[in-house]
Amino acid sequence: MKEVVVISGKGGTGKTSLMASFAALSGGCVLADCDVDAADLHLVLSPRVRERHDFRGGREAVIRPADCIGCDLCREYCRFEAIRVEETAAGDVYSVDPVSCEGCGVCVRFCPVEAIDFPERLCGEWMVSETRSGPMVHARLGIAAENSGKLVSTVRQEARRIAEEENRSLILVDGPPGIGCPVIASVTGASLVLAVTEPTVSGEHDLERVLALARHFQVPAAACVNKWDLNPEMSARIEAKAVAAGARLA
């Protein structure tokens, strides 16, 4: 089984369009959209969702008002200012702002009456769909939600499971831009990384970073300059740097 991951050092290079073209020409493969922070492969392939699953990652604090004694220790120790206090006729009511809460658990640790629950946070959902090019695993991260690297790993794991069950030899992954945690979760263990860039100064700089990332994790890499004819001189310079970095030209 081969797994090809299409990534880019920056957004807007045409990565998803190229990925959709590969999917159309593949003759039937498993697709995975790992750009979970801003997924858009579904806009091109119009998938028919057959499964939906909640994604939970990290934790958030929830104060039980009936058990809270208003000691104010949670607000004192919270460095993220996530504890809200509402004055009512019956006294101060403490609660946690779910957007500001970073899930560190300090308030849970220091609450003298254990009046704070610490459940897993619902961060989004991942889906298994059918497309004209084969089964597709994709996801949607919630607003202000985190743990996108963990969600990427979930998407890739499910794509591999489907490929094994259906005896498919190719997985095509639409990865996220940049070099952060979601990208690392997308490329580790892949058969090939295809880095898509554009003939601009920023495209040149960001391609160098993403090829360095692939080299660090010892993943074979290829480079593609999308719309190369916009600036042939810059394209030639980028291609030369990509070859010098150990990448093949696609």
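**Notebook: strand β1, an aromatic pair, two pockets**

I began with β1 and found Val4 opposite Leu192, a residue of β11. I note here that the model is predicted.

*Strand β1.* I looked up which strand Val4 faces and how the two run: β1 and β11 (residues 192-197) are parallel and joined by four bridges. I then checked for another partner. β10 (residues 170-177) is also parallel to β1, with six bridges between them. On that side I noted Val5, which stands opposite Val173 of β10. Next I asked how many residues of β1 are buried. The count for β1 (residues 2-8) is six of seven, so I entered the strand as mostly covered, buried being under 20% relative accessible area.

*Aromatic pair.* I searched for ring pairs and found one in the structure. It consists of Tyr77 and Phe110, whose ring centres are 4.4 Å apart and whose planes differ by 15 degrees. I recorded the pair as stacked because planes under 30 degrees apart count as such. I then looked up where the two residues sit. Tyr77 belongs to helix α3 (residues 73-77) and Phe110 to helix α4 (residues 106-110), so the pair links parts 33 residues apart in sequence.

Are these rings buried or exposed? Neither label fits: Tyr77 is partly exposed at 39% relative accessibility, and Phe110 is partly exposed at 36%. I also checked for a charge over a ring. Arg109 lies over the face of Phe110, 5.2 Å from the ring centre.

*Largest pocket.* I read off a volume of about 290 Å³ for the largest pocket. Its lining has 18 residues, and those closest to the centre are Cys101, Arg121, Ala144, Ala145 and Glu146. I sorted the lining by type and got eight nonpolar, five polar and five charged residues. For the elements involved, I noted that β3 (48-59) and β8 (120-131) each contribute at least two lining residues.

*Second largest pocket.* I entered about 150 Å³ for the second largest pocket. Its lining includes Val36, Asp37, His42, Arg52 and Met127. Which elements give two or more residues to this lining? They are β3 and β9 (134-141). The most comes from β9, with four residues. I sorted this lining too: seven residues are nonpolar, two polar and three charged. I closed the entry with a cross-check on β3, which supplies at least two residues to the lining of the largest pocket and two or more to that of the second largest.

Methods
Residues numbered from 1 in each chain as written. Predicted model: local features only at pLDDT ≥ 70, side-chain atom pairs only at ≥ 80, totals over all residues. Heavy atoms only, no water. 1 Å grid on protein atoms, 1.4 Å probe; cavity = no way out; pocket = protein on both sides within 12 Å on 5 of 7 lines; lining within 4 Å. Points joined across faces, edges and corners; volume = space filled by probe spheres on them. Nonpolar A, V, L, I, M, F, W, Y, C, P; charged D, E, K, R; others polar. Buried < 20%, exposed > 50% of the residue type's maximum accessible area, 1.4 Å probe, protein only. Pairing = 2+ DSSP bridges. Phe/Tyr/Trp six-rings, centres within 6.5 Å; stacked < 30°, edge-to-face > 60°. Lys NZ or Arg CZ within 6 Å of the ring centre and 35° of its normal.
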